[in-house]
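The following exercises are intended for a reader with the coordinates at hand. Each task is followed by a solution that proceeds step by step.

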Amino acid sequence: MISKIKFTKMHGAGNDYIYVDTTQYPITDPAKKAIEWSKFHTGIGSDGLILIGISDKADFSMRIFNADGSEAMMCGNGSRCVGKYVYEYGLTDKTEITLDTRSGIKILKLHIEEKTVSTVTVDMGSPLETDGIQWEGKYPFRSTKVSMGNPHLVTFVEDITRIDLPEIGPELENHPLFPDRTNVEFAQIVGKDTIRMRVWERGSGITQACGTGACATAVAAFINGLTGRKSDVIMDGGTVTIEWDEISGHILMTGPATKVFDGEIEDK
Ligand SMILES: N[C@H](CCC[C@H](N)C(=O)O)C(=O)O
C-alpha cells in the first residue's frame, strides 16, 4: 500500500533539508529515504532528511540523515529549522524549546518577528574535544580537530579561494585518521572576529553552510588565537554568529531558519 508523506523543505543559511513530522508521518527506513529524496533529479533535492519526533526527555526529538543515508549526531542548521517548524506549525507555543538529539539535549531560543521565527539561538553545549594535526607532504598545513558531537577538521588558510574543495574535501573526509569520517572546513580570517568558511560535509559533500561546522570553526579560531570568543562565520549560503561563553563553556549559535515549501511524496 503506497502512503503519502507530507514534508516541508527548509534551510538554515542555505543548508537545506527535508523535514518530516514523524508524529503524523512515521518513516520506515529513513536512511534509504534520505538517499532517494535528497537526489536532485529523481527526488526532492536536499542535503539530507530530518525527522521531528517526540521525546520523554525534551519537548521534541530530532534525527538527521545525510544525503548518503548516514545518520549524524547533530545538525546545527537543522536544529534552528526544527525550532521554526514546531512553532509555526502549531506543535508548541513556547519560544524556548528543548530538543533531544543524538548529541544530547539542546536548548533553542526562538526569535519571533510578526508571528514567524526569523532567527534561532541554539545552546550547542561544549565542544567535546580539540586537537591539532600537522599534515606532511601533499597538504602543507596544520588543521584543528573539533568535535561538536560530530567530527570536524578545521584548516585556516591565507586565501580560501585557492582551496579546491571538491578535490581535497573527500580526501580528508575519508582519511584513515578519521575512523568515522569527518566534516571538513576551510576558513580564512577576513576581519576582526569575522571568518569566511567553506565546508565539505561528511555524507553530503559541499553544502551552503554547516552549523556545527561554524561552531567548530569559531572554536578553532579562538583556540588558535585568531579571534575572540564571539565571531561571525560567513558561509556560501549565509552567516551565523557563534559565541563561546566563558562561564558555561557552552557554544551559542545564532542564525536564520527559512521555510521554502510544503510538499507531499509517495512512500513507496
Ligand atoms: N554532515 C554532518 C551532519 C550535518 C551537520 C550540518 N549540516 C550542520 O548544520 O551542523 C555530519 O555527518 O556530522
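The exercises below treat the domains, the ligand shell, the annotated residues and the nonpolar core of this predicted model.

**Exercise 1. Describe how the chain is divided and how its parts meet.**

Step 1. The domain assignment gives domain 1 (3-125 + 255-267) and domain 2 (129-249).

Step 2. Taken over C-alpha atoms, the centres of domain 1 and domain 2 are 23 Å apart.

Step 3. The contact involves 21 residues of domain 1 and 21 residues of domain 2. On the side of domain 1 that touches domain 2, H2 and strand S17 (251-256) each supply at least two residues.

Step 4. By class, that side of domain 1 has eight nonpolar, eleven polar and two charged residues.

**Exercise 2. Locate the ligand relative to the domains and characterise its shell.**

Step 1. There are 18 residues around the ligand, and Ala 72, Asn 77, Asn 150, Gly 211 and Thr 212 come nearest.

Step 2. Strand S4 (60-66), helix H2 (76-88) and helix H4 (211-223) each give two or more residues to this shell.

Step 3. The shell divides into four nonpolar, twelve polar and two charged residues.

Step 4. Both domain 1 and domain 2 give residues to the shell around the ligand, so the ligand lies between them.

**Exercise 3. Determine whether the residues annotated as "active site" are buried or exposed, and describe their surroundings.**

Step 1. An unreviewed UniProt entry lists Cys 75 and Cys 210 for "active site". They are spread over 136 residues of sequence, yet cluster in space, with a largest C-alpha distance of 7.8 Å.

Step 2. Cys 75 is found in the loop between strand S5 (71-72) and H2, whereas Cys 210 is found in the loop between strand S14 (205-207) and H4.

Step 3. A residue is buried if 20 or more other C-beta atoms lie within 10 Å of its own. Cys 75 has 29 such atoms and is therefore buried; Cys 210 has 35 and is therefore buried.

Step 4. Leaving aside neighbours within four places in sequence, Cys 75 is in contact with Ile 50, Ile 64, Gly 211 and Thr 212. With that exclusion, Cys 210 touches Asn 15, Asn 77, Asn 183, Val 199 and Glu 201.

**Exercise 4. Place the largest nonpolar core within the fold.**

Step 1. Of the 66 residues in this core, Tyr 19, Ile 50, Ile 52, Ala 214 and Cys 215 touch the most other members.

Step 2. H4 provides the largest share of the core, seven residues.

Step 3. Domain 1 and domain 2 both give residues to this core, so the core lies between them.

Methods
Residues are numbered from 1 along each chain as its sequence is written. This is a predicted model: local features need pLDDT of at least 70, side-chain atom pairs count only at pLDDT 80 or more; totals for chains, interfaces and linings use all residues. A residue is near a molecule or strand if its C-beta atom, placed from the backbone, lies within 6 Å of it. Helices (H or I, at least four residues) and strands (E, at least two) are DSSP runs, numbered from the N terminus. Ala, Val, Leu, Ile, Met, Phe, Trp, Tyr, Cys and Pro count as nonpolar, Asp, Glu, Lys and Arg as charged, and the others, Gly among them, as polar. Domain bounds come from an automatic or database domain assignment. Two residues are in contact if their C-beta atoms, placed from the backbone, lie within 7 Å. A nonpolar core is a set of buried Ala, Val, Leu, Ile, Met, Phe, Trp, Tyr and Cys residues joined through C-beta atoms within 7 Å. A residue is buried if 20 or more other C-beta atoms lie within 10 Å of its own, exposed if 12 or fewer, and partly exposed in between; C-beta atoms are placed from the backbone. UniProt positions are given in the numbering used here, feature names are shortened, and annotations may be inferred rather than shown by experiment.
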